[in-house]
Amino acid sequence: MTLPSYPVPEGAGYPAGSALSIRGLAKAFAGKTAVDGISLEVPTGSFYGLVGPNGAGKTTTLSMATGLLRPDAGTALVLGRDVWQDPLGAKRLMGVLPDGVRLFDRLSGEQLITYAGLLHGLDRATVVARTRDLLEAFDLTGDARNLVVDYSAGMTKKIALAASLVHAPRLLVLDEPFESVDPVSAANIRAILTDYVHSGGTVIVSSHVMDLVQRMCDHVAVVAQGRILAAGTVDEVRSGSSLEDRFVELVGGHGPAEGLSWLHT
Amino acid sequence: MVAHLITLKLALLRNGLRRNVAQLVGLIVASLYGLGLLFLAVLGLILLRLVNAGIAGPIVVLGGSALLAGWTFAPILVSGVDLTLDPGRFAPYPIPLSRLLVGQALGGLIGVPGVCTTVALASTTVTWARDPLTFVAGVLGAALALGLCVVVSRLVASAVTDLATSRRFREGSRMVMMVPIVLLGPIVGLAIRGMETNLDAMRALAQVLAWTPFGAPLGVPAAVAEGHLPEAFVKLLIAAASLVLAAWAWSRALARALVTPASRASSGSRAGRRGLGPFGWMPASPGGAIAARALTYWVRDPRYGTALIIVPLVPVILFFSSAQQHQSNLFLLSGPLAAFLLAWSLATDVSYDSTAFSLHLTAGVRGRADRWGRALALMTFALPGAVVITLVPFAVSGRWDLLPGYLGLALGVLLSGSGLASVVSARFTVTVPLPGESPFKRPPGNTTQTFLVQIGGLVTLGLLVLPEIVLVAFSASTGQAGYGWVSLLVGIVLGSALFVLGITLGGMWLDRRGPEVYASLVRSG
């Protein structure tokens, strides 16, 4: 699957095979540009990584693509449905895990997944069955009846992810799904996502962890200062070196710290 | 080290003020309030010098006991406010326990309450400047009282920081503490009337309190002034022993806090108790799910519970107010007022969600379902609640002829108010405590908008229920039951119509402006 995914000319027709098609999204907060016209094609069935330094505009881009933040310009299509023209149609196809967002954490884990399922309009029998399956898959059955507010950081990410899967979406948009997650839970999440992609689903994740993205994703886009610096398959983007080195090279990093000589024992 | 801690406390205070104008205003208001009370207290204590010891004694003991009780319960109520010198934060530094102890004690006196308490207690020595021995006893008693105030409040603070990590306790205690605060007005009113009619009872209370750690320190000079030297000596022992005991317990608690910094211990022992709760029996639809979730939050989230706990107390408060002013009509308004409080609580519902509201947005919930669910959850208990509370004053006063009119008004206020609140909360978010914060915390933020929304809502609601108000006024002034029955009919029919209209309009608004509502929730927390 080597769809040419960069650059995408604006106004181009919906390329068959794109699960998420971001076109010229732009957003400024109080005059300060956060996202400066980002376009991106996420091929169906791909495991897409969105990497970039803090403040690059990853969260802003994903919020605009999922209907949480109204863009100043541009649009996003989920399997051909416009997120801002046909929000209900697009949202039905999409599972979203926003970053830095509270959960209804005074519900138990079981109640939270049930709630998400019912909000999506599923019938009770389906919700009950899927809630049980998801709790099992994320290894949360033992804590199903504890309040989410009492969960650890890793468990909280897992229950939020489970809630975003309950309506069987075709596309998953995950903002920092591995942040503050322990290695065991991370492996658990990764296995579920990989399995989901193998069965035909599409995942786009944002992350800081280059190593993880290189191992897990087949496509990657590098974002900095609200623009796409490179996008394509992981092999195309890293072009021989490691993704981390390529990333630092693209973004322009800071050398090793000097002036801490007193710290050298 | 002690000086360091005090400097630190002052620096924290100053920096906090520099960052936050609202807090500065708060401090000024608190200072003015404190100064006002302090002025009255000091004046009173100086005047008490002129009356004989038999009268001055009980008053000073009662006042002192109330002061110490305030210091004792303040940490439970506002845990977190004055934990700037939280012992846990000093755990990483090599500081000897004894110095930390003294520094914390003195640090506790910095601030409006500490300064006011010190000045007020110092003024008691004026009251007892009668003869050398009484004056010395007065100084001793005041010093012991001040020490007890500080040490006991620190001890309680240490104890609750241990417990406060268990979330359930924190929430429970705050809700329980709400009851006496709400009832404080009526209690004070009652106490004043009690003082007028029953001085003996107050004197007896003071006598009992003087033998407890609360009243003993200030009971010492009172006993000396009346010439009961052995009694004074025993009270001195009680006060000193309490101080030593409290200090010892506090140092133990502090030592423990230093080796076990506060952790987010979970209370995992309750597993298996809960099932799906309301999710099991509410309709399996988006609206039903939202109702089930809202109902769960009404029970579990103390921010909602705090609003609820006032509602059943409304008739009690109005009963005392009307009894004091010989205005029985005020008491009859219990139902409509409770209905207003219940209905208006919907206006903050979305704000309480904070960013968790994103789930509704990403799931593509229709605005109408959102509005319906929240209102339905409220109605399950607000409707019967408002009816019962409306009945209370009539059951007490026996004026059943006026009941239909007031019931109509209460139902009208509840239904129209819920409809209005459904519209308002789809458009305006207000600043509320964030999930998990103390329900009593008033976060700084867009308070002007919050205030305008409240006032605007109140005025609009007044217009919406004007027909019911007029009909109730007619039925009360003419004494004709017919007006009352019409009011009941209008309350139900007009109220229901406005309720449905509000939900529909609010839903449409939410559909159009969902992302903007969410953006303002993100900004405030």
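**Exercise 1. The loop after helix 8 of chain A**

Task: Determine where A:Ser239 lies in this predicted model, and state what is notable about its phi and whether the residue is buried, partly exposed or exposed.

Solution. Begin with the position: A:Ser239 is found in the loop of chain A between helix 8, residues 234–238, and helix 9, residues 243–251. Next, take the backbone: the phi of A:Ser239 is positive, at about 30°, although the residue is not a glycine. As background, most residues other than glycine have a negative phi. Finally, consider the surface: the relative accessible area of A:Ser239 is 49%, and since the exposed class requires over 50%, A:Ser239 counts as partly exposed.

**Exercise 2. The loop between strands 1 and 2 of chain A**

Task: Carry out the analysis for A:Ala30, giving its loop, its phi and its exposure.

Solution. The loop that holds A:Ala30 runs between strand 1 (18–29) and strand 2 (32–43) of chain A. A:Ala30, which is not a glycine, has a positive phi of about 50°. With a relative accessible area of 88%, A:Ala30 is exposed.

**Exercise 3. The two chains as wholes**

Task: Describe chain A and chain B by their secondary structure, their buried fraction, their contacts across the sequence and their accessible surface.

Solution. Start with the secondary structure, which in chain A consists of 9 helices and 10 strands, whereas chain B has 23 helices and 0 strands. Then turn to burial: 55% of the 265 residues in chain A are buried, and in chain B the buried residues make up 47% of 525. For contacts with a separation of 6 or more, residues 24 or more positions apart account for 66% in chain A and for 79% in chain B. Last comes the accessible surface, which is about 11,300 Å² for chain A, with 52% belonging to carbon and sulfur atoms, and about 24,300 Å² for chain B, with 73% belonging to those elements.

**Exercise 4. The largest nonpolar core**

Task: Name the residues that touch the most other members of the largest nonpolar core, and list the contacts of A:Phe138 beyond four places in sequence.

Solution. The core contains 105 residues, and the members touching the most others are A:Tyr115, A:Phe138 and A:Val203. Taking A:Phe138 and setting aside residues up to four places away in sequence, one finds that this residue touches A:Lys158, A:Leu161, A:Ala162, A:Leu165, A:Asn188, A:Ile189 and A:Ile192.

**Exercise 5. A helix pair in chain B**

Task: Decide how helix 20 and helix 23 of chain B are oriented to each other, and characterise their contact by residue class.

Solution. Two packed helices are described by the angle between their axes and the distance between the axes. Helix 20 (residues 403–427) and helix 23 (residues 481–523) of chain B pack at an angle of about 10°, and their axes are 6 Å apart. Because angles under 35 degrees count as roughly parallel, helix 20 and helix 23 of chain B are roughly parallel to each other. The contact between helix 20 and helix 23 of chain B has 17 nonpolar, 14 polar and 2 charged residues.

**Exercise 6. Residues of helices 3, 5 and 8 in chain B**

Task: Place B:Thr117, B:Val126, B:Thr72 and B:Leu209 in their helices, and trace their contacts beyond four places in sequence.

Solution. In helix 5 (residues 112–127) of chain B lies B:Thr117, which is buried at a relative accessible area of 3% and is in contact with B:Leu67, B:Trp71, B:Leu146 and B:Cys149. B:Val126, also in helix 5 of chain B, is partly exposed at 33%, and its contacts are B:Ile46 and B:Arg49.

In helix 3 (residues 53–77) of chain B, B:Thr72 is buried, with a relative accessible area of 12%. B:Thr72 is in contact with B:Val152, B:Val156 and B:Phe214, and the C-alpha atoms of B:Thr72 and B:Val152 are separated by 6.0 Å, although the two residues are 80 residues apart along the chain.

Last, B:Leu209 lies in helix 8 (residues 199–209) of chain B and touches B:Val61, B:Leu62, B:Ser65, B:Phe214, B:Gly215 and B:Ala216. Between B:Leu209 and B:Leu62, which are 147 residues apart along the chain, the C-alpha separation is 7.5 Å.

Conventions:
Residues are numbered from 1 along each chain as its sequence is written. Chains are lettered from A and ligands numbered from 1 in the order in which they are written. This is a predicted model: local features need pLDDT of at least 70, side-chain atom pairs count only at pLDDT 80 or more; totals for chains, interfaces and linings use all residues. Side-chain values use heavy atoms; hydrogens and water are left out. Helices (H or I, at least four residues) and strands (E, at least two) are DSSP runs, numbered from the N terminus. Buried means under 20% relative accessible area, exposed over 50%, partly exposed in between (1.4 Å probe, protein chains only). Contact means heavy atoms within 4.5 Å. Accessible areas come from the Shrake-Rupley method with a 1.4 Å probe; for residues, only the protein chains shown count as cover. A nonpolar core is a set of buried Ala, Val, Leu, Ile, Met, Phe, Trp, Tyr and Cys residues joined through side-chain atoms within 4.5 Å. Axes are lines fitted to C-alpha atoms, for helices over the stretch in contact, and angles run from 0 to 180 degrees between N-to-C directions. Angles under 35 degrees count as roughly parallel, over 145 as roughly antiparallel, 65 to 115 as roughly perpendicular and the rest as oblique. Ala, Val, Leu, Ile, Met, Phe, Trp, Tyr, Cys and Pro count as nonpolar, Asp, Glu, Lys and Arg as charged, and the others, Gly among them, as polar.
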